[in-house]
Amino acid sequence: MASSYSSNPPCAACKFLRRKCNEECIFAPYFPPEEPHKFINVHKIFGASNVSKILNEVLPHQREDTVNSLAYEAEARIKDPVYGCVGAISVLQKQLLSLQKELDATHADLIRFTHQGSSSSGHVHSQGFFNYPSN
């Protein structure tokens, strides 16, 4: 007697939605059973029906990137419901600006220190690296 049970476990989406996962499942290639939180987050933010529609509208070679984008945005929305990815981008831009200012200040200090060093006993190479006298 043949068993109707497939040897493959259902994808994370079908398991979460409590439905049978078959070969035509649009979710199976992108939501493996080992990553249930990936689908849970995407479902929580976008809904299974919307994700299914989105995946059916994009070309097959774009689906993996689409799912990864949805998963990233869903995780960002769960962490920051108001701003999501935009909030993360804003934080990174502020960090970049702060680091750029710090780099500019360090560069100015280096130029000032190099200029002071060239008038003292130490020698400065043309690339701006110090040649300290050896003991």
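Where is the place of R18, in a helix or in a loop? R18 sits in the loop between α1 (12–17) and α2 (36–46). This is one stop among several close-up views of a predicted model.

**Figure 1. The whole chain holds 5 helices and 2 strands.**
Start at the N terminus and read along the chain. The elements run α-α-α-α-α-β-β. The chain has 135 residues, and buried residues make up 23% of them. The accessible surface comes to about 10,500 Å². Carbon and sulfur atoms own 57% of that surface. Now take the contacts with a separation of 6 or more. Residues 24 or more positions apart account for 38% of these contacts.

**Figure 2. R18 has a positive phi in the loop between α1 and α2.**
The phi of R18 is about 55 degrees. R18 is not a glycine, yet its phi is positive. How much relative accessible area does R18 have? The value is 78%. R18 counts as exposed because the cut-off for exposed is over 50%.

**Figure 3. K15 of helix α1 and F39 are 24 residues apart in sequence.**
K15 belongs to helix α1. In space, K15 and F39 are 9.9 Å apart, C-alpha to C-alpha. Is K15 buried or exposed? K15 is exposed, with 59% relative accessibility.

**Figure 4. E73 and R77 form a salt bridge within helix α4.**
Helix α4 covers residues 63–79. E73 and R77 both lie in this helix. They are 4 residues apart, about one turn of the helix. Their side chains meet at 2.8 Å, N to O. Side chains of opposite charge can pair when their charged atoms come close. The two partners can also be described by their accessibility. R77 is partly exposed, at 27% relative accessible area. E73 has a relative accessible area of 18%. Buried means under 20%, so E73 counts as buried.

**Figure 5. E73 is in contact with residues outside its own stretch of sequence.**
Return to E73 in helix α4. Set aside its neighbours within four places in sequence. Which residues is E73 then in contact with? They are F46, G84 and C85. Both G84 and C85 are among the buried residues of α5.

**Figure 6. K79 and E75 make another salt bridge in helix α4.**
The closest N and O atoms of K79 and E75 are 3.2 Å apart. How many residues separate K79 and E75 in helix α4? They are 4 residues apart, so about one helical turn separates them. K79 is exposed, with 66% relative accessibility. E75 is partly exposed, with a relative accessible area of 41%.

**Figure 7. Helix α5 spans residues 84–118.**
This helix has 35 residues. How far should they span at 1.5 Å a residue? The expected span is 51 Å. The end C-alpha atoms are 51 Å apart, so the model agrees with the expectation. Which residues of α5 are buried? The buried ones are G84, C85, G87, T114 and G117.

**Figure 8. D109 and R112 form a salt bridge in helix α5.**
Look along the same helix, α5, for this pair. The closest N and O atoms of D109 and R112 are 2.2 Å apart. The two residues are 3 residues apart in sequence, so about one helical turn lies between them. D109 is partly exposed, with a relative accessible area of 41%. R112 is partly exposed too, with a relative accessible area of 46%. A search of the whole structure finds 3 salt bridges.

**Figure 9. V82, Y83 and V86 make a nonpolar surface patch.**
The patch covers about 330 Å². One of its members, V86, lies in helix α5. Is V86 buried or exposed? V86 has a relative accessible area of 56%. That value is over 50%, so V86 counts as exposed.

Key: Residues numbered from 1 in each chain as written. Predicted model: local features only at pLDDT ≥ 70, side-chain atom pairs only at ≥ 80, totals over all residues. Heavy atoms only, no water. Expected span 1.5 Å × (residues − 1). Buried < 20%, exposed > 50% of the residue type's maximum accessible area, 1.4 Å probe, protein only. Contact = heavy atoms within 4.5 Å. Areas by Shrake-Rupley, 256 points an atom, 1.4 Å probe, with all protein chains shown as cover. Salt bridge = Lys/Arg side-chain N within 4 Å of Asp/Glu carboxyl O. Patch = residues over 30% accessible without salt bridge, like charges linked within 9 Å, V, L, I, M, F, W, Y side chains within 5 Å.
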